[in-house]
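This note concerns the charged side chains of the structure shown below. Please keep the model open while going through the numbered points.

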Amino acid sequence: QVQLVESGGGLVQAGGSLRLSCAPSASISNIINMGWYRQAPGKQRELVATATNGGSTNYADSVKGRFTISRDNAKNSVYLQMNALKPEDTAVYFCYAKRLTAWATINDYWGQGTQVTVSS
């Protein structure tokens with residue numbers, strides 16, 4: 001079973017930066033979208049940022065202007081540059097990928113999550 005593997009989380013002071021990376025454990029064909037969700041303690045998982053193969057991006061309002069998502073399509077990898085971090089950004093960050101199958105259905109892949117903690 002192919003999994004997505006995240007890295008780059010950690011502890012940082014408010015105002016600092018972190019860069020998250022995500023890559024599959026094996027090659028995945030026909031990925032059409034990749035991105036990041038996050039889940040803070042006691043809260044629902046929320047979308048942070050997405051990026052299509054064509055380069056279109058979308059961000060949660062709470063991270064616009066501070067976070068930047070990027071992709072390396074050749075490596076099926078996705079990255080999240082997080083600047084000006086705030087304590088409210090503290091959460092487990094999950095990478096995901098959507099794959100279009102030969103039957104025109106969508107397969108979802110998820111990572112196990114990486115903890116980001118921002119101290120005030």
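1. A residue is called buried when its relative accessible area is under 20%, exposed when that value is over 50%, and partly exposed in between. By this cut-off R38 is buried, because its relative accessible area is 5%. Please bear in mind that the model is predicted.

2. Side chains of opposite charge can pair when their charged atoms come close. How many salt bridges does a search of the whole structure find? The search gives five. The points below take up several of these pairs.

3. One salt bridge joins the side chains of R38 and D89, with a distance of 3.0 Å from N to O. The two residues belong to distant parts of the chain, 51 residues apart. R38 is in strand β4, which covers residues 31-39, whereas D89 is in the loop between β8 (77-82) and β9 (91-100). Is D89 buried or exposed? D89 is buried, with a relative accessible area of 0%, and R38 is buried as well, at 5%.

4. The side chains of K64 and D61 also meet in a salt bridge, at 3.1 Å from N to O. D61 counts as exposed, because its relative accessibility is 66% and the cut-off for exposed residues is over 50%.

5. A further salt bridge is formed by the side chains of D108 and K98, at 3.0 Å from N to O. This pair, too, links distant parts of the chain: D108 lies in strand β10 (residues 106-110) and K98 in strand β9, ten residues apart. D108 is partly exposed at 45% relative accessibility, and K98 is partly exposed with a relative accessible area of 29%.

6. Which residues are joined into one network by salt bridges that share partners? They are R38, E46, R66 and D89. The pair R38 and D89 from point 3 is thus described again here as part of a wider set of partners.

7. R66, a member of this network, deserves a separate look. R66 is found in the loop between β6 (57-59) and β7 (67-72). R66 is buried, with a relative accessible area of 11%. A polar atom of the R66 side chain lies 2.8 Å from the backbone oxygen of S62. Leaving aside residues up to four places away in sequence, R66 touches Q81, M82, N83, A84, L85, K86 and D89. D89 therefore appears both among the contacts of R66 and in the network that includes R66.

Technical notes: Residues are numbered from 1 along each chain as its sequence is written. This is a predicted model: local features need pLDDT of at least 70, side-chain atom pairs count only at pLDDT 80 or more; totals for chains, interfaces and linings use all residues. Side-chain values use heavy atoms; hydrogens and water are left out. A salt bridge is a side-chain nitrogen of Lys or Arg within 4 Å of a carboxyl oxygen of Asp or Glu. Helices (H or I, at least four residues) and strands (E, at least two) are DSSP runs, numbered from the N terminus. Buried means under 20% relative accessible area, exposed over 50%, partly exposed in between (1.4 Å probe, protein chains only). A polar contact is a pair of N or O atoms within 3.5 Å; within protein, one must be able to donate a hydrogen and the other to accept it, and residues adjacent in sequence count only if both atoms are side-chain atoms. Contact means heavy atoms within 4.5 Å.
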